[in-house]
Amino acid sequence: MTDNPPPMAIDLQGERWRQWILDNLQRNCSPAEMLKRMASGAWDREKAAQALDEGLTLLGIPRDWRKPLPAIKQSASVTNGDGQPVRVLSRFEKPHAVLLDQLLSAEECKALIDYAYSKGLRKSGVVDSGTGQSIEHHARTSTSVFFTRAETSLIDMLETRLANLTGWPVENGEGLQMLQYEPGQEYKAHYDWFNPENPGSALHLQRGGQRVGTTVVYLAIPEEGGGTRFPGSGIEVYPNAGGAIFFTDMDVSGEPDMTSLHAGTPVIKGTKIIVTYWQREGAFRVKE
Ligand SMILES: O=C(O)CCC(=O)C(=O)O
């Protein structure tokens, strides 16, 4: 049996597309702009990005066009930044997500929950698309509390771990938010990136740019229901307490990642407690 090399992405849509890619790259067209055009046609975004990289290699042009994003190393086991092992349970392409285990110990989960309870939880809000202010909404029925950056040494440690794990500056992280869902409570499908077309997004975008990564860390798991679901791909994950799901909100061309649509599905029995960590393109500035 002979091993056939895998087909090159640049050839996937036929000779005309191959030539279009090579011609435009040679004319110094922006690969990010080309990707938009390709994705509005026959191309899958991931394959288009790969094809552009292959085109650049064939032409001997440096492949430095991809927008940097937070990312977790391609390996079955990574460390949490303090040298502790974290198991990678699954890795998905659409969404660009990684399911992790053992990010926090049971004691750390409990200490975070106790601290959040000592501050008190309130009804969660969503960003109003017109004003940018937080408003109550039927799409999000949990209770929650915000922490500021490094509010306690444990919070500082978790933020540093998440920053190290994803290779993204800790200064680019928003303060953590802890959320609690009781039976029937949920967060319906939404994106975490701010829609630049909404007037209310300006307020948020000026404080560190777009959200590029989200990590949902599970602190307490319900007996039934309460997963994190990506409806576009039909994937729903149920991390263990201390585990997490990380995913990117932007793609390599700097466009919102449409595969990042996600939901906190209704809890059926028990209580779900999570912390959400959002990472920005640049250093996050706290509201004055
Ligand atoms: O509850 C979940 O699993 C997801 C939380 C979430 O979507 C968010 O906080 O943005």
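Start by selecting Asp-53 in this predicted model: Asp-53 is buried, with a relative accessible area of 6%. Now add Arg-66, whose side chain meets that of Asp-53 in a salt bridge, 2.8 Å from N to O. Asp-53 sits in helix α3, while Arg-66 belongs to the loop between α3 and β1 (77–79), 13 residues apart. Unlike its buried partner, Arg-66 counts as partly exposed, at 33% relative accessibility.

Next, colour the two domains. Domain 1 covers 9–59 and domain 2 covers 77–280. Their centres, taken over C-alpha atoms, are separated by 33 Å. Where they touch, seven residues of domain 1 are in contact with seven residues of domain 2. About 530 Å² is buried between the two domains, and carbon and sulfur atoms give 48% of that area.

How many salt bridges are there between domain 1 and domain 2? The count is three. On the side of domain 1 that touches domain 2, the elements giving two or more residues are α2 (31–40) and α3 (45–59). Five residue pairs are in polar contact across this interface.

Stay here and select Lys-36 and Glu-255. They form a salt bridge, with the closest N and O atoms 3.4 Å apart. For a wider view, a search of the whole structure finds 18 salt bridges. The Glu-255 and Lys-36 pair links distant parts of the chain: Glu-255 is in the loop between β14 (244–248) and β15 (262–264), Lys-36 is in helix α2, and their positions lie 219 residues apart in the count. Glu-255 is partly exposed at 26% relative accessible area, and Lys-36 is also partly exposed, at 33%. Add Glu-33 to your selection, and you have a network of salt bridges linking Glu-33, Lys-36 and Glu-255.

Now move to Lys-119 and Glu-151, whose side chains meet in a salt bridge at 2.8 Å, N to O. Lys-119 lies in helix α4 (residues 106–119) and Glu-151 in the loop between β7 (143–146) and α5 (153–166), so this pair ties together parts that are 32 residues apart in sequence. Lys-119 is partly exposed at 39% relative accessibility, and Glu-151 is partly exposed at 24%.

For the last stop, select Lys-272, found in strand β17 (residues 272–280). Which side chain of opposite charge is nearest to this lysine? Glu-236 is, at 7.6 Å, and Lys-272 is buried yet has no salt bridge. Instead, look for the backbone oxygen of Gly-227, which the Lys-272 side chain reaches at 3.2 Å. Beyond its sequence neighbours within four places, Lys-272 is in contact with residues including Leu-179, Tyr-181, Tyr-218, Pro-222 and Val-267.

Technical notes: Residues numbered from 1 in each chain as written. Predicted model: local features only at pLDDT ≥ 70, side-chain atom pairs only at ≥ 80, totals over all residues. Heavy atoms only, no water. Helix = DSSP H or I, 4+ residues; strand = E, 2+ residues; numbered from the N terminus. Buried < 20%, exposed > 50% of the residue type's maximum accessible area, 1.4 Å probe, protein only. Lys, Arg positive; Asp, Glu negative; His and termini not counted. Salt bridge = Lys/Arg side-chain N within 4 Å of Asp/Glu carboxyl O. Polar contact = N/O pair within 3.5 Å; in protein donor to acceptor, adjacent residues only side chain to side chain. Contact = heavy atoms within 4.5 Å. Domains from an automatic or database assignment. Buried area = accessible area lost by both parts, 1.4 Å probe.
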